[in-house]
Amino acid sequence: MKTALVTGSSRGIGRAAALRLARDGWRLALHYGQSREEALALRGELRSMGCDAEVFQADMADRARIFEMRDEIKAFGEPSLIVCNAGIAHQGLFTDISEPLWHRLLDVNLSGVFYCCQAFAPAMIRRRQGCIVTVSSIWGLCGASCEAAYSAAKAGVIGLTRALAQELGPSGITVNCVAPGVIGTDMCAHLDQAARRDLCSQIPLGRLGTPEDVAGVIAFLASPEASYLTGQVISPGGGIVL
Ligand code: NAD
C-alpha cells in the first residue's frame, strides 16, 4: 500500500484530503504544526476505517525540522505522494505589512512547499515515481486586495509547481497545483454573514466551496487517471475566477 503525506492535515482541506485519500487506499502520514490533539483524533478516525496512519510534527517554516520529519516518516513508509497543503492567510492593508509578517507568510506558504519538495523529491527521483500536489489559491492566480503577501506566496507556489513539473517529469514524477476559491474552513472564519452572501453572489455556482470539494481534486491528481497530467493548476472555485 502506498504512503501519502498531507501537510496541515489537522483540520480544513488537509483533513478532508487525508480522509479522502484513505478511502482511496492510501496509508497516511499526517503532518501537523501545533494541533497535536486534532491530528491524533484524525489518526484515530483513519485507523477505525482500517487505514494505517501516523502523525508527524513540523513548523513549515523550519527547514531543519522538515528534514528531520522526513527521516521519521521514512520509518513509517516512504511517501509516493506529498500534498503540500499547510498554509496561513492574513488580511490587511499593503502599507501595514511589517517585514516580519511578510517573511512569515512567505516562509510558511512558499518556503514550506520548497522545503517539503526538496526533502521528499530525492527518494521519488531514485524510485523514478512520485506525485506532488501543491495547494495555492485563486489569489495566487489573480491577486487579492489586502492579501498582498499571501497572493505573492501563492503565486510563487504556482511558479514552483510549474518549474518542478518540468524538472521532475523526466524522473516520472508529476507535479500539479490545486488553487481553491473561497472554501468554508477556519481560514475563512473571519467572514461574517453579509460578507459570505456578497461572496456567494460573485460565485457562478452560488456557494462557498467545501473542504471535500478540494479534497476530490487532490485525490484525482493523485490517482492513476491523472498520470499524464503535470504542471497544471486546477481551481475548485465555483467559477469565481475565470
Ligand atoms: P486551515 O487554517 O483550516 O488549515 C491550515 C492548516 O495548515 C492547519 O492544519 C494548520 O495547522 C496548518 N499550518 C498553518 N501554519 C503552519 C505552520 N507554520 N506549520 C505547520 N502547519 C501549519 O485552512 P484551510 O482552508 O484548510 O487551508 C489549507 C490550504 O488551502 C492553505 O494552504 C490555504 O492557503 C489554502 N487555501 C484555502 C482557501 C480557503 O478559502 N479556505 C482558499 C484557497 C487556498
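Here are some worked exercises on the strands, cores, pockets and single residues of this predicted model.

Residues are numbered from 1 along each chain as its sequence is written, and side-chain values use heavy atoms, with hydrogens and water left out. Because the model is predicted, local features need pLDDT of at least 70 and side-chain atom pairs count only at pLDDT 80 or more, while totals for chains, interfaces and linings use all residues.

**Exercise 1. The sheet**

Work out the order of the strands in the open sheet, and find which strands stand at its edges.

Step 1. Two definitions come first. Strands (E, at least two residues) and helices (H or I, at least four) are DSSP runs, numbered from the N terminus. Two strands pair if DSSP finds at least two bridges between them.

Step 2. The open sheet has seven strands in the order E3-E2-E1-E4-E5-E6-E7, with parallel pairing.

Step 3. E3 and strand E7 (233-234) stand at the edges; each has a single partner strand, so one side of each is left without a neighbour in the sheet.

**Exercise 2. Strand E4**

Describe how E4 pairs with E1 and with E5, and decide whether E4 is enclosed or not.

Step 1. The pairing of E1 and E4 is parallel, over four bridges. Within it, Ala4 stands opposite Leu81 in E4.

Step 2. E4 and E5 also pair in the parallel sense, over four bridges. Here Leu81 stands opposite Cys131 in E5, and Ile82 has Ile132 as its bridge partner in E5.

Step 3. Buried means under 20% relative accessible area, exposed over 50%, and partly exposed in between (1.4 Å probe, protein chains only). Six of the six residues of E4 are buried, so E4 is largely enclosed by the rest of the structure.

**Exercise 3. The nonpolar cores**

Find the residues that touch the most other members of the largest nonpolar core, and the element that gives the most to this core.

Step 1. A nonpolar core is a set of buried Ala, Val, Leu, Ile, Met, Phe, Trp, Tyr and Cys residues joined through side-chain atoms within 4.5 Å. As background, in soluble globular proteins nonpolar side chains tend to be buried together.

Step 2. The largest core has 33 residues, of which Leu21, Leu28, Leu46, Leu81 and Ile218 touch the most other members. Elements that give two or more residues to this core include strand E1 (3-6), helix H2 (36-48), strand E3 (53-57) and strand E4 (79-84). H1 gives the most to this core, with seven residues.

Step 3. Now look at Leu21. Contact means heavy atoms within 4.5 Å. Leaving aside neighbours within four places in sequence, Leu21 is in contact with Ala4, Val6, Trp26, Leu28, Leu81, Val83, Ala219 and Ala222.

Step 4. A second, separate core has 29 residues, among them Met69, Ile73, Ile132 and Val157.

**Exercise 4. The largest pocket**

Give the volume of the largest pocket, and say how its lining divides by residue type.

Step 1. On a 1 Å grid over the protein atoms alone, a pocket is an open set of points with protein on both sides within 12 Å along at least five of seven lines, and lining residues have an atom within 4 Å of a point. Grid points are joined across faces, edges and corners, and a volume is the space filled by probe spheres set on the points.

Step 2. The volume of the largest pocket is about 1,100 Å³. Of its 47 lining residues, Arg11, Gly87, Ile88, Ala89 and Met187 are the closest to the centre.

Step 3. For residue types, Ala, Val, Leu, Ile, Met, Phe, Trp, Tyr, Cys and Pro count as nonpolar, Asp, Glu, Lys and Arg as charged, and the others, Gly among them, as polar. The lining of the largest pocket divides into 22 nonpolar, 19 polar and six charged residues.

**Exercise 5. Four single residues**

Decide whether Arg70 and Lys74 are buried, exposed or partly exposed, then find the sign of phi at Arg128 and Cys146.

Step 1. Arg70 is in helix H3 and is buried, with a relative accessible area of 19%. Not counting residues up to four places away in sequence, Arg70 touches Ala119 and Phe120.

Step 2. Lys74 also lies in helix H3 (residues 63-76), but is partly exposed, with a relative accessible area of 42%.

Step 3. Most residues other than glycine have a negative phi. Arg128, in the loop between H4 and E5, has a positive phi of about 55° and is exposed at 51% relative accessible area.

Step 4. Cys146 has a positive phi of about 65°. Cys146 lies in the loop between H5 and H6 and is partly exposed, at 33% relative accessible area.

Notes: On a 1 Å grid over the protein atoms alone, a cavity is a set of points where a 1.4 Å probe fits but cannot get out, and a pocket is an open set with protein on both sides within 12 Å along at least five of seven lines; lining residues have an atom within 4 Å of a point.
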